[in-house]
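Welcome! Please take a moment with the sequence and the 3D view before reading on.

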Amino acid sequence: MLNQAVTADPVCQFAADVRAGLTKRSQKELPSKYLYDDVGSALFEVISVLPEYGLTRADERLLRQHAYEIVDRLPGEVVAAELGSGSGKKTRWILEALASRQQTYYCPIEISPTALAMCERELRDIDCISIVGFEREYLDGLREVAARRQQGAHLMVMFLGSTIGNFDRPADVKFLREIRRTLLPGDSLLLGTDLEKPLPQLLAAYDDSLGVTAAFNLNLLARINRELDADFDLAQFEHEARFNTQSRSIEMHLRSKMDQVVAIPRAEVSVKFAADETIWTETTHKYSRHELLQTAMAAGFRCEAQWIDAEWPFAENLWIAE
Ligand code: AVJ
């Protein structure tokens, strides 16, 4: 019991993860989910409107243009769940299409109470949609939604914005299998995935000219300063985006500009950085269309349909649980 209470404290968990990630012998790393505190989430909203970063707009365009087609492929009564509610803006199109058929429950699952509240505010005006938010980790929340479903209702899980790309391979397949395990045959997954594209375009998307992505990345160090009383000098680290050709992923790193030692009192650790050493902060995988078909099968789904944006290679995948 005591143990549970300790790990359930978010600051303790953050401290433990920071300590584990920064005391690694080889590549230092930090979990990308910590990029999204209030400042990081606000910076990501700015990223999503930058000219270099077409991902969010492509996602939104596809959902707007094809919402009715997508919903038409779903069986009768649907309960909609979403992993990570985001701002709720692009989900609106799907919810409006669902609402045009019948009264529908929408269950956003989100660990950030701020994000959850924002999404509820954004979407509460849609008639015939009842919002029931779950402040939970993705799979915990999903299991809860699945346990409460009425007989005859089909679950439709949305995982948009290519957040799946943040999982390492093959952790993405493992996670998709976990989702599948919470579902029944005939339930569905609407999965947004960013696709491979020319390298210069990819690099620019993760290293924009205004420096917003750099600020988004550096905010992780600022957050460690704020929450764990650390003394990172942000001027002594720089943002780097690189493409890993083997994993076909963009990696974000923070590069130490010099030899330095940083104290992180609330994680009870001091960390030594060599000049040019990096902290790996995020992976964002770029899928091929072929790979997505294989991934669907490997996770226990069949691909019902796929919609691809003409301007920015991005796919909306509708998978049905087998
Ligand atoms: C929100 C995970 C889709 O991977 O492109 C944007 C996050 N990181 N710029 C992505 C992100 C740097 C983004 N996702």
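The report below starts with the ligand, moves to a pocket, and then visits single residues along the chain.

## Around the ligand

Please keep in mind that this is a predicted model. A good place to begin is the ligand, which has 13 residues around it. The ones that come nearest are Tyr-53, Gly-161, Asn-166, Tyr-206 and Glu-282. By class, this shell is made of eight nonpolar residues, four polar ones and one charged one. If you would like to find the shell in the fold, look at helix 3 (38-47), helix 10 (212-228) and strand 11 (278-285), each of which supplies at least two of its residues.

Some side chains can be picked out by their distances to oxygen atoms of the ligand. Tyr-206 has a polar side-chain atom 2.4 Å from an oxygen atom of the ligand, and for Tyr-53 a polar side-chain atom lies 2.5 Å from a ligand oxygen atom. In Thr-284, an N or O atom of the side chain is 3.0 Å from an oxygen atom of the ligand. How much of the ligand does the protein bury? Taken alone, the ligand exposes 350 Å², and the protein buries 96% of that.

## The second largest pocket

Next comes the second largest pocket, with a volume of about 230 Å³. It is lined by 13 residues, and those closest to its centre are Val-79, Tyr-105, Arg-148, Arg-149 and Gln-150.

Which elements supply at least two residues each to this lining? They are strand 2 (78-83), strand 3 (104-109) and helix 7 (138-148). Strand 3 gives the largest share, with three residues. Sorted by class, the lining of the second largest pocket has seven nonpolar, three polar and three charged residues.

## A buried asparagine in helix 10

Helix 10, already met at the ligand shell, also holds Asn-217. Is this residue buried or exposed? Asn-217 has a relative accessibility of 0%, so it counts as buried. The side chain of Asn-217 has a partner too: it makes a polar contact with the side chain of His-239, at 3.0 Å.

## Backbone features to look for

Most peptide bonds are trans, and most residues other than glycine have a negative phi. Against that background, a few places in this chain are worth a visit. Arg-169 and Pro-170 are joined by a cis peptide bond, with omega about 0 degrees. You will find Pro-170 in the loop between strand 5 (154-159) and helix 8 (171-182).

Two residues other than glycine have a positive phi here: Cys-128, near 70 degrees, and Asp-276, near 75 degrees. Cys-128 sits in the loop between helix 6 (113-123) and strand 4 (129-131). Its relative accessible area is 38%, so Cys-128 is partly exposed. Asp-276 is placed in the loop between strand 10 (269-273) and strand 11.

## Distances along the chain and in space

Separation in sequence and separation in space can be set side by side for a few pairs. Ala-230 and Pro-265 are 35 residues apart along the chain, and their C-alpha atoms are separated by 6.2 Å. Ala-230 belongs to the loop between helix 10 and strand 7 (237-244). With 11% relative accessibility, Ala-230 counts as buried. For Gln-260 and Ser-249, eleven residues apart in the chain, the C-alpha separation is 29 Å. Gln-260 is part of strand 9 (residues 260-264) and, at 12% relative accessibility, counts as buried.

Lys-257 lies in the loop between strand 8 (249-256) and strand 9. This lysine has 44% relative accessibility and therefore counts as partly exposed. From Lys-257 to Phe-273 there are 16 residues in sequence and 9.1 Å in space, C-alpha to C-alpha. The last stop is Tyr-36, in the loop between strand 1 (28-29) and helix 3. Tyr-36 is partly exposed, its relative accessible area being 33%. Its C-alpha atom is separated by 33 Å from that of Gln-103, 67 residues away along the chain.

Notes. Residues numbered from 1 in each chain as written. Predicted model: local features only at pLDDT ≥ 70, side-chain atom pairs only at ≥ 80, totals over all residues. Heavy atoms only, no water. Near = heavy atom within 4 Å. Polar contact = N/O pair within 3.5 Å; in protein donor to acceptor, adjacent residues only side chain to side chain. Areas by Shrake-Rupley, 256 points an atom, 1.4 Å probe, with all protein chains shown as cover. Helix = DSSP H or I, 4+ residues; strand = E, 2+ residues; numbered from the N terminus. Nonpolar A, V, L, I, M, F, W, Y, C, P; charged D, E, K, R; others polar. 1 Å grid on protein atoms, 1.4 Å probe; cavity = no way out; pocket = protein on both sides within 12 Å on 5 of 7 lines; lining within 4 Å. Points joined across faces, edges and corners; volume = space filled by probe spheres on them. Buried < 20%, exposed > 50% of the residue type's maximum accessible area, 1.4 Å probe, protein only.
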